[in-house]
Amino acid sequence: MTYQNRPPEQAPLEFPYIGDVSQYERIDKIGQGTFGEVFKARCKKTNDFVAMKLILMDQEKEGFPITALREIKILQELRHDNIVRLIEVCRSASERDYGPAIDMWGVGCIFAEMWIRSPIMQGTSEQHQLELISHLCGSIEPGVWPGVNKLPLYTKLKLPQSERRKVHDRMKPYIQEPLALDLIDKLLTLDPKQRIDADNAVSSDFFYSEPPLADLKPLLSKYPSMFELKEVSRNAYNPQMQQQQQQQQRMKQARPNVPNLPSEPIY
């Protein structure tokens with residue numbers, strides 16, 4: 001199954017209501033709390049001095065913190081001379097790179113978990129997460145992901161080197177369907193520009209091919225005849241049948257012990 005990559009000239013995603021943090025110049029750190037750090041900054045366009053709060057996301061596991069959302073909502077509604085006015089909400093460079101390709105990576109992880117029946121690449125920290133990704137999908141380097149070395153934190157993290165891609169090898173014992181394994185491999189491509197998109201994913205041959213025939217001998221050998229299973233299932237959900245069987249059992253127990261009689265009359 002062949003697919004076309006998204007054209008490189010595709011316009012990036014736009015967020016008209018969120019500013020770019022690069023338009024502000026940090027001057028000095030003036031405070032820090034449990035949920036963020038506050039900096040004195042200068043707007044490059046207006047030369048106005050502002051207080052810029054950086055939301056700390058290190059300990060967040062469920063996305064953007066609800067406490068920060070609540071604070072933003074309150075500051076948007078408040079207007080008072082003694083309360084700082086919220087000018088805008090900004091995002092960093094790495095957040096601007098978020099797009100549909102990241103969602104497709106998540107689809108690949110979930111798709112693989114449906115077959116393996118357990119989470120894959122479940123890291124305990126960002127460093128550990130990147131190590132697990134490298135062990136499965138290969139080393140994260142410009143040779144397989146052009147431009148990755150230009151990301152802000154690339155040089156600050158210790159990434160595994162000389163790791164080869166093992167998606168097929170590691171998952172083949174759990175995923176016997178070649179078309180499913182091929183789709184997962186394309187969804188877990190390191191380079192977002194080379195990763196399969198949603199349109200091509202739903203057009204995969206996996207969704208339009210009959211599933212392979214499975215050997216039922218090991219399964220059938222564990223159970224009695226299908227007719228016995230049907231009889232047991234029918235009696236289990238029929239209270240009247242259960243009462244009749246219980247009554248017949250009681251009659252057998254109360255019947256006197258008599259010798260077997262011939263089935264035909266004696267003349």
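# Report on a predicted chain and its helix α4

The cover over the buried residues of helix α4 includes the helices α3 and α5. Here buried means under 20% relative accessible area, exposed means over 50%, and partly exposed lies in between (1.4 Å probe, protein chains only). Helices (H or I, at least four residues) and strands (E, at least two) are DSSP runs, numbered from the N terminus. The model is predicted, and local features therefore need pLDDT of at least 70, side-chain atom pairs count only at pLDDT 80 or more, while totals for chains, interfaces and linings use all residues. Residues are numbered from 1 along each chain as its sequence is written, and side-chain values use heavy atoms, with hydrogens and water left out.

**The chain as a whole**

The chain contains 10 helices and 5 strands. Of its 267 residues, 22% count as buried. About 21000 Å² of the chain is exposed, and carbon and sulfur atoms supply 55% of that area; the areas come from the Shrake-Rupley method with a 1.4 Å probe, and for residues only the protein chains shown count as cover. Among contacts (heavy atoms within 4.5 Å) between residues at least 6 apart in sequence, 50% join residues at least 24 apart.

The confidence of the predictor in each residue is given by pLDDT, from 0 to 100. The chain averages a pLDDT of 80, and 75% of the residues score at least 70. Among the elements of the chain, helix α6 (residues 178-187) has the highest mean pLDDT, 96, and helix α9 (residues 226-236) has the lowest, 50. Residues 1-10 have a pLDDT below 50, and this stretch has 17 contacts in the model beyond near neighbours in sequence. Residues 258-267 also have a pLDDT below 50, but this stretch has 0 contacts beyond near neighbours in sequence. Where pLDDT is low, the predicted coordinates should not be read in detail.

**Helix α4 and the loops beside it**

Helix α4 (126-137) has 12 residues and reaches 16 Å from its first C-alpha to its last, close to the 16 Å expected at 1.5 Å a residue. That expected span is 1.5 Å times one less than the number of residues. The buried residues of α4 are Ile133, Ser134, Leu136 and Cys137. After α4 comes glycine 138, with a positive phi near 100 degrees.

Leucine 130 also belongs to α4. Apart from neighbours within four places in sequence, leucine 130 is in contact with Ile140, Leu157 and Leu159. Its C-alpha atom is separated by 8.4 Å from that of proline 160, which is 30 residues away along the chain.

Most residues other than glycine have a negative phi, and most peptide bonds are trans. Arginine 117, which is not a glycine, has a positive phi of about 70 degrees. Arginine 117 lies in the loop between α3 (100-116) and α4, and is exposed, with a relative accessible area of 72%. Serine 162 is a residue other than glycine with a positive phi, near 60 degrees. Serine 162 lies in the loop between α4 and α5 (167-171) and counts as exposed at 75% relative accessibility.

**Aromatic rings**

A search of the whole structure finds 3 aromatic pairs. Rings of Phe, Tyr and Trp (its six-membered ring) pair if their centres lie within 6.5 Å; planes under 30 degrees apart count as stacked, over 60 as edge-to-face and the rest as tilted. Phenylalanine 111 and phenylalanine 206 form an edge-to-face pair, 5.5 Å centre to centre with 65 degrees between the planes. This pair links distant parts of the chain, 95 residues apart: phenylalanine 111 is in helix α3, and phenylalanine 206 is in the loop between α7 (198-202) and α8 (217-220). Phenylalanine 111 counts as buried at 12% relative accessibility, whereas phenylalanine 206 is partly exposed, with a relative accessible area of 21%. Phenylalanine 206 also forms an edge-to-face pair with phenylalanine 207, at 5.1 Å centre to centre and 75 degrees between the planes. Phenylalanine 207 is partly exposed at 46% relative accessibility. Ring pairs join Phe111, Trp115, Phe206 and Phe207 into a cluster.

**Charges over rings**

A charge sits over a ring if NZ of Lys or CZ of Arg is within 6 Å of the ring centre and within 35 degrees of the ring normal. The table lists examples.

| Charged residue | Ring | Distance from ring centre |
|---|---|---|
| Arginine 26 | Phenylalanine 39 | 4.5 Å |
| Lysine 40 | Phenylalanine 49 | 5.0 Å |
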